[in-house]
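Okay, thanks for coming, everyone. I'd like to walk you through one model this morning, so let me put it up on the screen.

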Amino acid sequence: MNNYFFFLFLFFISSFTYSSGMRLDIHDKHVVMDNGIVEVTISNPEGFVTEIRYNGIDNLLELLNKESNRGYFDMVWDEGKSKRKKGEFDRMEATNMSVIVENEEQVELSFTRMWNSSLQGLYPPLNIDKRFVMVSGSSGFYTYAIYEHLDEWPGFNLSNTRIAFKLRKDKFHYMVVAGDRQRFMPLPDDREEGRGQVLAYPEAVLLVNPIEPQFKGEVDDKYQYSCESRNNEVHGWISMDPPKSTGFWIITPSNEFRSGGPLKQYLASHVGPTSLSVFHSTHYSGVDLIMRFRPNEAWKKVYGPIFIYLNSLSNGESPTGLWDDARQQMVNEIESWPYKFPASEDFVKAEQRGQVEGRLLVRDRYMSDAFIPVSSASVGLASPGEPGSWQRESKGYQFWTITDDKGYFSITNILPGKYNVYSWVKGYIGDYKYDKVINITSGSEVNVGEIVYEALREGATLWEIGIPDRSAAEFYVPDPNPKYINRIYVNHTDRYRQYGLWERYADLYPKEDLVYNVGTSDYTKDWFFAQVNRKKGNKTYQATTWQINFNLENVNANGTYKLRVALASVHYAELQIRVKNSSEANPPLFTSGVIGSENTIARHGIHGFYWLFNVDIKGTLLAQGNNSIFFSQPNNSSPFQGILYDYIRLEAPPHHTNFTPKLNIL
């Protein structure tokens with residue numbers, strides 16, 4: 001009997017070591033996975049990652065933080081009954097741990113929290129299953145999560161959910177979010193009172209007395225390091241402590257589970273040192289992207305897996321070697337997607353997925369009657385909806401690719417379900433949607449053949465401003481105030497990420513607003529990247545009206561002209577359009593009403609949601625000779641209210657009116 005308890009004790013407490021080096025230790029408060037390369041400790045049963053041991057470092061995670069604040073999933077939610085701007089923060093603490101797989105090649109652990117009515121108001125009505133996977137011979141570990149809302153449960157709202165890792169500030173000082181966005185970073189201590197000065201909002205801090213003088217005078221703001229989902233594949237931190245440099249990387253091999261499509265911007269790594277994998281957020285999109293669950297709405301989704309990759313180099317070698325290696329590992333992970341190892345049946349394997357292929361052609365009948373194949377056009381599958389609805393879709397999965405130089409596309413590894421095919425093409429305004437719903441089943445291969453996007457147009461172009469690419473990056477982005485520099489973005493293609501650019505409008509236009517003269521003005525120099533309010537005094541702002549002047553040699557008084565206005569982002573703003581007269585007493589020809597809550601201007605973005613407005617202008621409103629169109633934004637309670645334009649075009653009436661317009665240059 002004593003031998004029985006002795007072996008039982010060994011079963012639960014001692015290490016299980018296989019010939020491959022895999023080991024699993026289960027203790028009362030912690031669980032340890034170890035493959036001989038990496039050792040990961042997770043709290044039991046909460047499911048917080050408390051230690052990552054690698055490369056001779058006893059813990060890569062911040063020792064000064066509580067165990068619940070080192071590596072963890074979290075979400076922001078509310079019951080959907082109030083208009084509170086901020087929801088409840090939930091660190092998704094699990095209540096049960098179980099071993100799902102344990103063999104020579106793999107260990108997979110599950111940490112669950114099951115919901116019932118006694119928890120209403122305390123936690124979101126979700127069953128949560130957090131998984132951690134370690135594979136033999138792998139320099140890292142995988143993690144994913146399964147969220148489920150049962151059909152008999154109450155509704156709620158989900159604003160944000162992610163996994164976060166807080167690394168040791170005494171070791172990790174060099175951050176990489178892209179090949180051209182990497183640098184030594186200040187310490188979190190530099191943001192605290194006495195060393196840092198909070199600017200217009202808490203995330204933006206001017207470093208006035210940093211521990212390391214090299215950062216003095218710089219601005220630190222996590223939003224300066226956001227990434228589009230399509231580019232948010234690998235990022236992380238490097239420790240250069242001897243004897244070997246160590247890299248910590250988050251690799252996301254697929255963005256199928258992220259909300260909002262490929263252009264949606266997400267946080268990545270930032271001062272902390274912190275690295276995030278964000279699955280869903282309302283950043284750069286606002287309330288339109290909140291996941292709103294109705295009562296009795298059944299839903300389940302798998303987020304991940306993502307890979308936490310660790311690598312090392314001998315000191316003296318360039319840290320870019322670690323970045324290059326991490327990028328190659330990213331390629332390896334992408335090629336391995338969808339993974340074979342996840343044990344959950346909710347993660348759909350390759351043989352259960354489908355494929356869609358076809359060819360995208362575009363016809364702009366005012367340019368040519370030909371059907372033109374376009375390269376690098378974005379083509380994707382998302383839940384059925386209206387053209388462009390994919391950017392506001394969050395509950396389902398999305399699958400995107402780009403066309404080749406002949407317009408062909410192939411989208412693989414699509415989960416079973418019903419989808420629309422969507423597309424948008426640089427150089428053309430608007431959105432395309434294939435008119436048939438695609439039903440993907442296990443192993444299905446669907447060829448949609450040649451699909452044609454009839455470019456949105458009713459008449460010949462009289463004039464245009466910008467490039468239709470869903471971004472304001474081509475417009476004039478000013479140099480920042482020298483007091484608010486982030487040195488990484490000096491002479492950088494992403495110069496719009498500098499802090500405080502909204503205030504530069506008042507410097508450039510202190511009394512009079514922007515006037516753009518078609519034919520002589522240059523939108524890269526003369527069109528400010530955002531129509532913002534003019535700062536007048538302490539927290540007082542003046543609304544702005546921009547003016548476009550143009551000259552028409554002939555006017556068709558019986559025809560209708562079309563003004564196309566594509567917006568790259570809006571934040572609690574109203575676009576009013578008037579012709580001839582800018583006076584607010586003159587009712588606008590068009591108003592958008594107050595739209596948008598994307599906060600792109602404050603968060604150093606260059607695009608958020610795409611908006612398109614098509615405004616009819618009767619020929620009687622235009623004159624032979626000089627004309628003016630006025631764009632007003634009357635809301636002036638905040639410096640961040642404003643509009644980022646993508647592209648503006650004035651079209652002549654349809655050619656069947658037997659009228660050929662001519663444009664004079666001012």
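I'll go through the domains, then one sheet, then some ring pairs, and finish on a buried strand.

First, a caveat: what you're looking at is a predicted model. The protein chain is split into three pieces: domain 1 covers 23-178 plus 225-336, domain 2 is 350-454, and domain 3 is 461-651. If you take the C-alpha centres of domain 1 and domain 2, they sit 30 Å apart. Their contact draws on 20 residues from domain 1 and 15 residues from domain 2.

Now the sheet. Reading across, the order is β8-β9-β10-β11-β25-β20-β19-β13-β14, so to speak a row of nine strands, and the sheet is open with antiparallel pairing. What stands at the edges? That's β8, residues 96-102, and β14, residues 181-184. Each has a single partner strand, so one side of each has no neighbour in the sheet. On average, neighbouring strands here are turned by 15 degrees against each other, ignoring direction.

Let me zoom in on one pairing. β10, residues 127-135, and β11, residues 140-149, are antiparallel and share seven bridges. If you want to find the register on your own screen, look for I128: its bridge partner in β11 is Y147.

There's also a helix to look at here. α2, residues 320-335, lies across β11, β13, β14, β19, β20 and β25. Against β25 it runs at about 145 degrees.

On to the aromatics. How many aromatic pairs does the structure hold? The count is 43. One of them is Y142 with F307, a stacked pair, with 4.3 Å centre to centre and 20 degrees between the planes. Y142 belongs to β11 and F307 to β25, so this pair ties together parts that are 165 residues apart in sequence. Buried or exposed, these two? Both Y142 and F307 are buried.

Compare that with F475 and W527. Here the ring centres are 6.2 Å apart and the planes are at 45 degrees, so this pair counts as tilted. F475 comes from the loop between β35 and α3, and W527 from the loop between α4 and β37, so parts 52 residues apart in sequence get tied together. F475 and W527 are buried as well.

And those two have company. Ring pairs join them into a cluster that also includes Y505, Y509, Y516, Y523, F528, F529, W546, F631 and Y645.

For those of you who care about cations over rings, I have two examples. K395 lies over the face of F293, at 4.7 Å from the ring centre. R470 does the equivalent over Y610, at 4.0 Å from the ring centre.

Last stop: β44, residues 625-633. Why call this strand largely enclosed by the rest of the structure? Because eight of its nine residues are buried.

Two strands that pair with β44 are worth pointing at. β40, residues 544-552, runs antiparallel to β44 and is joined to it by nine bridges. In that pairing W546 stands opposite F631, and both of those residues are in the ring cluster I just listed. The other strand is β41, residues 560-579, which is also antiparallel to β44, with four bridges. There, V579 stands opposite I629 in β44.

That's my tour. Happy to take questions.

Note on methods. Residues numbered from 1 in each chain as written. Predicted model: local features only at pLDDT ≥ 70, side-chain atom pairs only at ≥ 80, totals over all residues. Heavy atoms only, no water. Pairing = 2+ DSSP bridges. Axes fitted to C-alpha atoms, helices over the stretch in contact; angles between N-to-C directions. Contact = heavy atoms within 4.5 Å. Phe/Tyr/Trp six-rings, centres within 6.5 Å; stacked < 30°, edge-to-face > 60°. Buried < 20%, exposed > 50% of the residue type's maximum accessible area, 1.4 Å probe, protein only. Lys NZ or Arg CZ within 6 Å of the ring centre and 35° of its normal. Domains from an automatic or database assignment.
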